[in-house]
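Please open the model in your viewer and keep the sequence panel beside it, since each stop below begins with a selection to make. The tour starts with one chain as a whole and then moves through a series of local sites.

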Amino acid sequence: MLLEALDGDETVVFGSAAASVQVQVEPVGRWFEAYVKRRNRNISASFQELEEEEESSEESEDEEFQLQECPMLRTLDPKDWKNQDHYAVLGLPHLRYKATQKQIKAAHKAIVLKHHPDKRKAAGEQIVEGDNDYFTCITKAIEILSDPVKRRAFDSVDPTFDNAVPSKSEGKENFFEVFYLVFERNARWSSKKHVPKLGTMESSFEEVDTFYSFWYNFDSWREFSYLDEEEKEKAECRDERRWIEKQNRASRAQRKKEEMNRIRTLVDTAYSCDPRIKKFKEEEKARKESEKKAKAEAKKREQEEKERARQAELDAARLAKEKEEEEAKLAAQQAKKEKDIQKKAIKKERQKLRTTCKNWNYFAENEADDVKMMEEVEKLCDRLELTSLQSLNEILASSSKEDGKAAVEKQVQEVNAQLQREKEAEVQARQAARSVEQASGGGGTAGKGWGEEDLQLLIKAVNLFPAGTNARWEVIANYMNLHSNSGLKRTAKDVINKAKNLQRLDPGQKDEINKKAFEKFKKEHSSVAPSIDNAVPSERFDASGSDGSAAPWTTEEQKLLEQALKTYPVSTPERWEKIAATVPGRSKKDCMKRYKELVEMVKAKRAAQEQVAIKTKK
Amino acid sequence: MAAIGVHFGYTCACVAIFKDGRADVVANDAGDRVTPAVVAYRDTEQIVGIAAKQGRVRNAANTVVKVKQVLGRSYDDPETQNHRTETKCQVVDKQQKPYYEITVGEYPQYVSPEDVAKLILHKMKETAQSALGSDVTDAVITVPFEFAQAQKRALRDAAEAAGFNVLRLIHEPAAALLAYNIGQDSSSGKSHVLVYKLGGTSLSVTVLQVNGGIFRVLSTHTDHSIGGESFTQALAQHLAAEFKRTFKYDVSENARAMMKLMNGADMAKHSLSSLGSANCFVDSLHDGMDFECNVSRARFELLCSSLFNKSIQPIRPLLEKAGLSTSSINKVVLCGGSARIPRLQQMIRELFVDVELLSSAPTDEVIAVGAALQAGLLVGRESLAPEEESVTVDVSAIDLLVKEVDESGAEMFTVLLPSGTPLPARKHHTMTGAGKLSSVCLEIYQGCVMEHPEKLAKIILRDLQPSEENHNIDAVVTMKRDGSVHVSCVEQSTGRSEAITIAAAS
């Protein structure tokens, strides 16, 4: 119930309404979907409004359409209904296939109200009795247009439809104007809705692609039953009906094929004329080319990179090598310098020791002691290392004669003890080696008493008297008997047997034996007189010397040595240095030793040969 | 066009199909309308559903349960860690994502939660297809309201991997409302609905405002610590105690026996929802000893009374948070399997005295039905492009009122457009003025009826024809998106009209 308005009250707005707020809602339900739909359509109306609007718009459409009555209606011949335009008959020539069922019905109603024979009769018109009245045409029209199947058949052969397909030359010039209309026109046959539009020059590749794929797979509902020559219903018997059917089917298929061809031609023409396709193709080509280029470039770059890396590596390796060499050189120089300094120092120290000892008369009263002490001091000089020499000298310099003597004697004792120890160790080692040798070679010699020394001697002899020597085995046996210290007499036969035995042994073993022989030789020599190389203090700094002595001489080295010996005769100053320089890997000492060995060997050989010669002479 | 709705829960999954305007839940190959969301991995196969659940007794290490808890979460997530400690299946860290380590073959397999969810959803799809007899892919899947974006995406991915075309993900409470057709028949009025969902492992209570057919969540509460499983646990504990009393043996340390007992208790619990007492029978529970026990509903309710209280207790704070009282709730919707429990329903009824309690549909199926209804709305309508999961709309901020007087002459306000009406909106309202009057006055107010509304405008209609009959005045109130109001009134007999526009405050 509303209140009464007071006098003087006016319609007035006092304030402003509260602004709307935004809230999160659940996207569910019918109303929500309706809301979304509206929002997507950008219609600002409430639910109720929308619903009403939709209905009213439909109604208004119904009322809106106007009938355009066919002026020829009255002259139509009902017998010729097949050729009449049913839409025109009903007054809908402007709507045609777009006309809704509702519109068709309404139009029919309006037409009937006007043209029904009864109405006309009432209006005082003369009516032709029977089927000849044009009203039959109206009946036929509604019969066809109200039946969806029949209507479709009629629509398919709509006489107003332009079946023309533009030619290529036409399409080339203004593609979009020409083809837009054609495709729009033909789109009505599509059984799918939402026919893609031709688009514009700016359409994306996807759009154009969908357009053409749609049209290439065009699914048309157009069919040509309306044009059937004969009517099935007219047939008198089943066979005739069948024949008619067959006939119709064939002609329909033919027409359908023609139609499909038409569409196909249209799409083909459009495709070939389409400037966009050309554009896309060019773009694609350009893209591929650029890709190719990029690939080639990348490859090139990669190769360059590789080349550069390799170069860098090489450079680095070269640099490193150079550096290494430099360093080695420097190190060698340094080592040499040091060695020299060391040598000088030791020389100095030795000298000092000698002079000190001499100053104190070698701490001896008589001559014999003096000599002995001198020997001892010499030994000390040889054996003691730089530091101990220095300390000894210091002691000697700082202390009295007695203390000095004690110190020297202590050192002498130590040195002697060391010598003794070394000797013992050597003997032990030799014994051990021999026992090992015997254990290994014992089986083969079969009690014949081929000791290790004998074996070595044999090998030496075999090498000394090569095959071809006159009475070789006798010479060897003789040589063996002469040099062996085993005391056994060996005949030539024994020697042959043993040599053959040895030959059967593998060369590695032979090598070993040779090596051992050399070691033994060295040991024997050193045991005879404490050789100089055994305890030279400088040996520590001369690593290659000790190594080199151990290695056996190869034939090449041997050749080089012989050559050197010939080129530098005895008179050459610093002969051995020069010789050593020509033989790589061998020190001066090695060369000298080898030379001595060789000399000895040659001597022995000669002696043995002489003896054999004497024997044969006898 | 058929479409399906899937409710993918923590413990169970349910599928409903929408066909011929109806949404029906379909039973799976085992004949159950609800499928346990359990996946068991064997040498050559993966088993989903009841068989996997029962086989868990023997194959616990390779049986994945409650996969929804870790779906779409990172490994460091506290929920994931919680799940890791609870589940018997090994959970390992792989690039910050949790993976299940399955050791059936020679080498351990690593299975992502999405794959597990995929298997379950695929099973649901098969179930729906076998019922329909044809392939169906369009589906709406429900998610809990609290699901974060990443979890939703994971679920969507899993569903798509299972072969679904996900039309939309909708929230569970909204699906429940749809199933009861709340706010769907007309756009009239505003109402508040409470959705009470007590599932297998979680409780969620949501208050929604329904206005203009649009649902809006006012407040929600989720508690993962209570659910049907808690009740089963309590019952199983009781059964274990019974067993101990009878056989003098404590089975609570024996994991396998407890699992068997849980299965038994689960079934007993289900029957107690409809029967006064249930028999629980477990073959060879321990050492070949069979166990049989009768549990009455009263006993069960006693055992779980504290749990029931805990389940009910969050409702009141939630309503307070939303600024509502129990009487301002128009409807209560029950869903989730555990909401079947009679005692629980009774407690809720006591809480909401004069409120309609909707529990006619099976509570564990309503959500799936709602999802199916939504799927039916969406299917075959491409124009409804997939929207975001949450949508913002403009609504009116405040009630729009018109002042009238009743017979006694006292002032009264009629609500033309309630607050929260989605905009734009239009409303017809017909008012009457006494026939003897020659002029009437319409006063438009905004604000709450109780708290002195603000007067917005006054519309005067003059020069009316005084008559015996009352004047009928049609008012059309239109509110635009920005909140501005247009009111036009027409006196029907004379056609005298008046219109005003009230601009919106900026």
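## Chain A as a whole

In this predicted model, begin by selecting chain A, where 67% of the contacts between residues at least 6 apart in sequence join residues at least 24 apart. Colouring chain A by secondary structure should bring up 23 helices and three strands, and of its 618 residues, 33% are buried.

## The cores of chain B

Now turn to chain B and select L194(B), Y196(B) and F352(B), which have the most contacts inside the largest nonpolar core, a set of 50 residues. Where does this core lie with respect to the domains of chain B? Both domain 2 (183-224 + 308-364) and domain 3 (228-306) of chain B contribute residues to this core, and it therefore lies between them.

Keep Y196(B) selected and display its surroundings: leaving out residues up to four places away in sequence, Y196(B) touches L203(B), S204(B) and V205(B), then S311(B), I312(B) and I315(B), and also V333(B), L334(B), C335(B), L344(B) and I348(B). Apart from this core there is another one, made of 44 residues, and to find it you can select A13(B), Y75(B), C89(B) and I102(B), which are among its members.

## A pair of crossing helices

Next, select residues 228-247 and residues 255-272 of chain B, which are helix α6 and helix α7; their axes come within 8 Å and cross at roughly 115°. With that angle, α6(B) counts as roughly perpendicular to α7(B), and the crossing in which α6(B) passes α7(B) is right-handed.

Which residues of α7(B) meet α6(B)? They are M258(B), L261(B), M262(B), A265(B), D266(B), A268(B) and K269(B), and the residues they meet in α6(B) include F231(B), T232(B), L235(B), A236(B) and L239(B).

From this pair, select D266(B), whose place is in helix α7 of chain B. Is D266(B) buried or exposed? Its relative accessibility is 13%, so D266(B) counts as buried, the cut-off being under 20% relative accessible area. Not counting residues up to four places away in sequence, D266(B) touches K53(B) and T232(B).

## An enclosed helix

Move to residues 172-179 of chain B, which form helix α5; because seven of its eight residues are buried, this helix is largely enclosed by the rest of the structure. To see the buried residues of α5(B), select E172(B), P173(B), A174(B), A175(B), A176(B), L177(B) and L178(B). Continue along the chain to N181(B), which follows α5(B) and has a positive phi, near 60°.

## A loop and a strand

For a contrasting stop, select G323(B) in the loop between α10 (315-322) and β18 (331-335) of chain B. G323(B) has a relative accessible area of 61% and is therefore exposed. If you add S219(B) to the selection, the two residues are 104 residues apart in sequence, while their C-alpha atoms are 9.6 Å apart in space.

Finish at V490(B), which has its place in strand β27 (residues 485-491) of chain B and, at 34% relative accessibility, counts as partly exposed. Setting aside neighbours within four places in sequence, V490(B) is in contact with N472(B), I473(B) and D474(B) as well as with G495(B), R496(B) and S497(B). Of these contacts, N472(B) is 18 residues from V490(B) along the chain, and 8.3 Å separates their C-alpha atoms.

Conventions
Residues are numbered from 1 along each chain as its sequence is written. Chains are lettered from A and ligands numbered from 1 in the order in which they are written. This is a predicted model: local features need pLDDT of at least 70, side-chain atom pairs count only at pLDDT 80 or more; totals for chains, interfaces and linings use all residues. Side-chain values use heavy atoms; hydrogens and water are left out. A nonpolar core is a set of buried Ala, Val, Leu, Ile, Met, Phe, Trp, Tyr and Cys residues joined through side-chain atoms within 4.5 Å. Buried means under 20% relative accessible area, exposed over 50%, partly exposed in between (1.4 Å probe, protein chains only). Domain bounds come from an automatic or database domain assignment. Contact means heavy atoms within 4.5 Å. Axes are lines fitted to C-alpha atoms, for helices over the stretch in contact, and angles run from 0 to 180 degrees between N-to-C directions. Helices (H or I, at least four residues) and strands (E, at least two) are DSSP runs, numbered from the N terminus. Angles under 35 degrees count as roughly parallel, over 145 as roughly antiparallel, 65 to 115 as roughly perpendicular and the rest as oblique. A crossing is left-handed if the near helix is turned anticlockwise from the far one by less than a right angle, and right-handed if clockwise.
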